[in-house]
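The exercises below invite the reader to work through a structure step by step. Each task is followed by a solution.

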Amino acid sequence: MATVTPLLSCTDLSRHFGGLKAVDRVDLTVMPGEIRAIIGPNGAGKTTLVGLICGRIEPSSGRIVFDGEDITRMPAHRRVGRGIAYTFQITSIYPRLTVFDNVALPVQRMRGSHVASRGIRSEVMHALERVGLAGERDKLAGNLAYGHQRLLEVAMGLSLKPRLLILDEPTQGLSDGEIERFVALVREIGEQATILLIEHNMDVVMQLAEQITVLNFGKVLAEGAPDAIRANAQVQAAYLGTDYDD
Amino acid sequence: MRADGPARVWLLHAAVVAALWAAQFVLPDYHDGVLARVMVLACFAMGYNVLFGYTGLLSLGHAMFFAAGIYGAGLPIYHYGVHVVPAFFCGIAAAALLALVAGALALRTVGVAFMIVTLMFAQVAYLASLWQGEWTRGDEGLTLSRNERIVENAWFFLDPTNPATRYALAWLLFTLVLAALLVIARSPFGRVLVAIRENEERTRMLGFNTFTNKLAAMVISGAMAGAAGAAYVLLFGYMGSTFASIQYSILPLLWVLLGGAATTLGPLLGTLLMFYIAELSNDALNAWFPGANLSQIGIVGVALILLVLFFPKGILGTVRERWLKWLP
């Protein structure tokens, strides 16, 4: 295993907003095929960290290498071309466009934008079928139920054929039944892509994650397999506010 | 997205174009002249619509592109006796180049700042046209004679001062620009422009370079406005600084809002209606308040306020929302 090159490695990565160290000297290495969960209390810097990885936010210092290539200064839209896809924490779709058009955009992005519209139809429908939204294709995305909007966003991310799919709190606001389906879907996606998952729902994290990174105050507090993290006293302290040395 | 969708769309547009062609045989001469002018100005409005309607960028400076088309075509003819055909393309190129430069700078801003920066660019262009009075004769303007505007060779004779020829040329330009707009609106590129309008950050994170797409929209928009300007000076023979003034930046916005932003046929409808509304109200103002010398620009302002307050989607935008969802 040691000889496999990591898909993603962040070295000494920082982002400061004024005096606030949102991400503070983080090292993160993700191997190909992994499902990695990033957890931590509110304000720990999780969203900022994945924002740095996908290029929404510029780092203050440090280095990001994706598949052997330094992408630290690469604009976000080119990182998508390299295989990094991001789904937003707050649902970000095109509410006034149809479900079909929402997915047609990432599909045409991966095909090159000069392909005629009709060529992409089957691919769009395939992506919609995967998340179970094929029947809603002519609806305006804004008229979908919230859970379906989240699924639509995953379909958009999938259509980018990502090698690294970043899911930022995907189950927030979903019902238990929807969460169950979602877990199955992420597992299925995980067979082809590496996944970075920010998640507050610990059941979901424990079901899906192979490795967990815990952030607190912008720093990596702990990293390891789910069982080890669950047993980690520092992590419990960060979440529950208990003293370390009790 | 149904199978008959594309055919229906193309049929509708072909019918509109055919009706415009037929109109010249039905309407009295005066209205032929109005319609020729409206068709050319509708090209200006369609260009504005690419940027405002589809891409969601509100420019307050499109007069500079219209004027670049007018001067880019008219000045080479007036000063250097350049042939009409290359002069026409020179007008388009001047506007497209100006749009590229202005866009590259103005698109670094968003929202209100973008409006102000485009407005400033346009004011610079307007003042430059006054300042270079030796060349342009400023407000007074220049007229092109019939001899300077005809195309004549062994196979071909085209006289834009002839009303029928003028109508045909205006119609031809309108048809080409409308077809281009329709193709863009239904293309993957058009979908990206709409995506930028609806949610730019999401579009960027889907891997699109939103800056270059917006810049492309700006250049296409400027080139269409420039084509309208170049045709205007060739068909009607007059160029003056008025065409670079703020009024001609507001008018296309008004035409597009009235007809329906982000619709292909809205610019034509808006331009046509506004032309007659302004004219009728001008007559009415003169009849009711003789000697008051009230300007129709006031009507334009009132119309703009009423539209934004009560009718923000415009005529075809509302029609699309309520009844014909397939309208492009």
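## Exercise 1: Parallel pairing around strand β8(A)

In this predicted model, strand β3 (residues 35-39) of chain A runs parallel to β8(A) and is joined to it by four bridges.

Task: Determine which residue of β8(A) is the bridge partner of I35(A), and trace the pairing onwards to β7(A) and β6(A).

Solution.
- Step 1. The bridge partner of I35(A) in β8(A) is I195(A).
- Step 2. Strand β8 comprises residues 194-198 of chain A, and five bridges link this strand in parallel to β7(A).
- Step 3. Two residue pairs illustrate this link: L165(A) has I195(A) as its bridge partner in β8(A), and L167(A) has L197(A).
- Step 4. β7(A) also pairs with strand β6 (residues 84-87) of chain A, in the parallel sense and over four bridges. Here T87(A) has L167(A) as its bridge partner in β7(A).
- Step 5. Taken together, I195(A) is the bridge partner of I35(A) and also of L165(A), while L167(A) is the bridge partner of T87(A) and is itself paired with L197(A).

## Exercise 2: The surroundings of β7(A) and β8(A)

Task: Establish how many residues of β8(A) are buried, and carry out the corresponding analysis for β7(A). A residue counts as buried if 20 or more other C-beta atoms lie within 10 Å of its own.

Solution.
- Step 1. In β8(A), five of the five residues are buried, so this strand is largely enclosed by the rest of the structure.
- Step 2. The two directions may be examined separately. T194(A), L196(A) and I198(A) point one way from β8(A), I195(A) and L197(A) point the other way, and all are buried.
- Step 3. Strand β7 (residues 164-168) of chain A also has five of its five residues buried, and is therefore largely enclosed by the rest of the structure.
- Step 4. Both faces of β7(A) are covered: one side carries the buried residues L164(A), I166(A) and D168(A), and the other carries L165(A) and L167(A), likewise buried.

## Exercise 3: An open antiparallel sheet

Task: State in what order the four strands of the open sheet in chain A are arranged, and identify the edges.

Solution.
- Step 1. The order is β2-β1-β4-β5 in chain A, with antiparallel pairing.
- Step 2. An edge strand pairs on one side only, and this applies to β2 (20-30) and β5 (69-70) of chain A.
- Step 3. At the β5(A) edge, strand β4 (residues 61-66) of chain A pairs with β5(A) in the antiparallel sense over two bridges. F66(A) has E69(A) as its bridge partner in β5(A).

## Exercise 4: The nonpolar core

Task: Explain where the largest nonpolar core lies with respect to the two domains of chain A.

Solution.
- Step 1. The largest nonpolar core has 172 residues, and those with the most contacts inside it are A155(A), V40(B), C43(B) and A228(B).
- Step 2. Domain 1 (1-83 + 163-246) and domain 2 (89-161) of chain A both contribute residues to this core, so the core lies between them.
- Step 3. A155(A) can serve as an example. Setting aside neighbours within four places in sequence, A155(A) is in contact with V103(A), A127(A), L128(A), R130(A), V131(A) and L133(A).

## Exercise 5: Where chain A touches chain B

Task: Find which helix of chain A gives the most to the side that touches chain B.

Solution.
- Step 1. The contact involves 25 residues of chain A and 16 residues of chain B.
- Step 2. On the side of chain A that touches chain B, α2 (76-82) and α3 (99-111) of chain A each supply at least two residues.
- Step 3. α3(A) gives the most to this side, with seven residues.
- Step 4. By class, this side of chain A has 13 nonpolar, seven polar and five charged residues.

## Exercise 6: The overall form of each chain

Task: Describe the make-up and compactness of chain A and chain B.

Solution.
- Step 1. Chain A has nine helices and 10 strands. Its radius of gyration is 18 Å, close to the 18 Å that the globule rule gives for 246 residues, so chain A is as compact as a globular protein of that length.
- Step 2. Along its principal axes, the C-alpha trace of chain A spans about 60 × 40 × 40 Å, and 43% of the 246 residues of chain A count as buried.
- Step 3. Chain B has 15 helices and four strands. Its radius of gyration is 20 Å, close to the 20 Å that the globule rule gives for 328 residues, so chain B is as compact as a globular protein of that length.
- Step 4. Of the 328 residues of chain B, 45% count as buried.

Definitions and conventions: Residues numbered from 1 in each chain as written. Chains lettered and ligands numbered in written order. Predicted model: local features only at pLDDT ≥ 70, side-chain atom pairs only at ≥ 80, totals over all residues. Core = buried A, V, L, I, M, F, W, Y, C linked by C-beta atoms within 7 Å. Buried ≥ 20, exposed ≤ 12 C-beta atoms within 10 Å, placed from the backbone. Domains from an automatic or database assignment. Contact = placed C-beta atoms within 7 Å. Nonpolar A, V, L, I, M, F, W, Y, C, P; charged D, E, K, R; others polar. Rg over C-alpha atoms; globule rule 2.2 N^0.38 Å. Pairing = 2+ DSSP bridges.
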